[in-house]
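Colleague: Thanks for making time. Could you walk me through this model once we have it on screen?

Modeller: Gladly, here it comes.

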Amino acid sequence: VAFDPLELQTNDDHVNAGGIAPVVTEATHEQKRPPRRIVWRNVVLFTLLHAYSLWGIICIPWAHPLTWLFTIFLYTASAIGVTAGAHRLWAHRSYKAKLPMRIILTMMNSMALQNDIIEWARDHRVHHKYSETDADPHNARRGFFFSHIGWLLVRKHPDVKDKGKNIDLSDLYADPVLRFQRKYYVPSVLLMCFLIPTLVPHFLWGESLWYAFLIPGLLRLCATLNATWMVNSVAHMKGDKPYNKFINPVENIFVIFGAVGEGFHNYHHTFPHDYSTSEFGWKFNLTTFFIDCFAKMGLATDRRKMPYNLVFRRALKTGDGSHHGVQKHLQE
Ligand code: ST9
Ligand code: ZN
Ligand code: ZN
């Protein structure tokens, strides 16, 4: 029998106190997988989004330079609404945020159009608890396309819903800001993701409505979505595993740049409660810088951080040997 590295898969579960998930081979998964049910509405919408984004790329040279800057600003703001907001604050509770910060993050989050935060955090908790199984909404064992965008184009596997039922979401529903966002999700997206990106360039520096809609609107949205999805696809496939070689998530430099600090994915799946999702502080990690600035203002508190000695011991025990501290230790 050929050696299958995926057989060594373990589910390192720090989100909910669980054990090691049973190892199920890809063959058994495929046998019991129900037929794929394509959601054509999503296929059409995502195809249009990518087509118009290409059009946006072509128009960039004719747009106002302030529109370029504004596009980068909105990319960053909406990305941080996902990373510092939906991900590190709400899905993982890796720090606490006072009301003004929660409101700002929620507005930035609606700009990213990635589902409301309660739904995002629910899927993400399920992703950590049942990584690389059929209960993982974007199970990377189903291939690059599925984990990148395909999972948004088909009905979810029944395991996602069955196993997801047991995930505790009471903390999310207890937050009035999240209940408000969920209730008014569509108007909040219309305002933050489409109206503001289109109207601000038009009225402040006379950009054409069409270019403003196309570039800071659609192209920026498409870019943040793809950068986010790369965490699920690329960062579950190609890169080093300094902390835990028995899981699929990796450290990937391209994802680290695009996802404003969320590409240290081997670290993150090993220590999901670390508010920085990496051991390197502000290095390539705009999100950590953002949270630390809000901490300086007293709006972010209780930031949870893994002490270096525990990270090092873990890397020594289960890492693939690529960890800087482990390499130094072995040379000595
Ligand atoms: C988007 C999200 O893009 C991206 C998330 C990426 C996550 C990345 C994580 C990586 C780490 C963080 C890094 C961040 C980096 C950021 C960088 C930024 C530059 N548990 O969903 P439905 C139940 S979204 C428990 O309709 P279908 C539940 O009862 C893009 N139960 O399933 C639910 O009812 P309700 C924009 C669950 O029919 C019911 O099932 N959004 C769970 O199979 C029905 O749920 C879109 O395009 C669960 N996990 O449809 C929308 N899930 O909700 C796309 C479901 O009422 N979505 N249930 O409680 C859809 O159209 C549909 O969800 C579907 C599946 C077609 C995909
Ligand atoms: Zn992951
Ligand atoms: Zn996470």
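Colleague: Which exposed residues does the face of α14 turned away from its buried side carry?

Modeller: Keep in mind that this is a predicted model. In α14, which spans residues 286-296, the buried residues are T287, T288, F290, I291 and F294. These cover an arc of only 160° around the axis, so they sit on the same side of α14. The face turned away from that buried side carries the exposed residues C293 and K296.

Colleague: What do the buried residues of α14 pack against?

Modeller: Residues three or four places apart in an α-helix point the same way, because there are 3.6 residues a turn. The buried residues of α14 have three packing partners: α3 (65-91), α4 (99-111) and β2 (300-301).

Colleague: Which helix gives the largest share of the largest nonpolar core?

Modeller: That core has 61 residues, and W90 and M230 touch the most other members. Helices that each supply at least two of its residues include α3, α4, α14 and α11. The largest share, 14 residues, comes from α11.

Colleague: And which residues come nearest to ligand 1?

Modeller: By class, the shell around ligand 1 has 14 nonpolar, 10 polar and eight charged residues. At least two shell residues come from each of α3, α5 (117-129), α7 (158-164) and α11 (209-232). Of the 32 residues around ligand 1, the nearest are A79, R155, K156, G164 and A227.

Conventions: Residues are numbered from 1 along each chain as its sequence is written. Chains are lettered from A and ligands numbered from 1 in the order in which they are written. This is a predicted model: local features need pLDDT of at least 70, side-chain atom pairs count only at pLDDT 80 or more; totals for chains, interfaces and linings use all residues. A residue is buried if 20 or more other C-beta atoms lie within 10 Å of its own, exposed if 12 or fewer, and partly exposed in between; C-beta atoms are placed from the backbone. Helices (H or I, at least four residues) and strands (E, at least two) are DSSP runs, numbered from the N terminus. The arc is that of the directions from the helix axis to the C-beta atoms. Two residues are in contact if their C-beta atoms, placed from the backbone, lie within 7 Å. A residue is near a molecule or strand if its C-beta atom, placed from the backbone, lies within 6 Å of it. Ala, Val, Leu, Ile, Met, Phe, Trp, Tyr, Cys and Pro count as nonpolar, Asp, Glu, Lys and Arg as charged, and the others, Gly among them, as polar. A nonpolar core is a set of buried Ala, Val, Leu, Ile, Met, Phe, Trp, Tyr and Cys residues joined through C-beta atoms within 7 Å.
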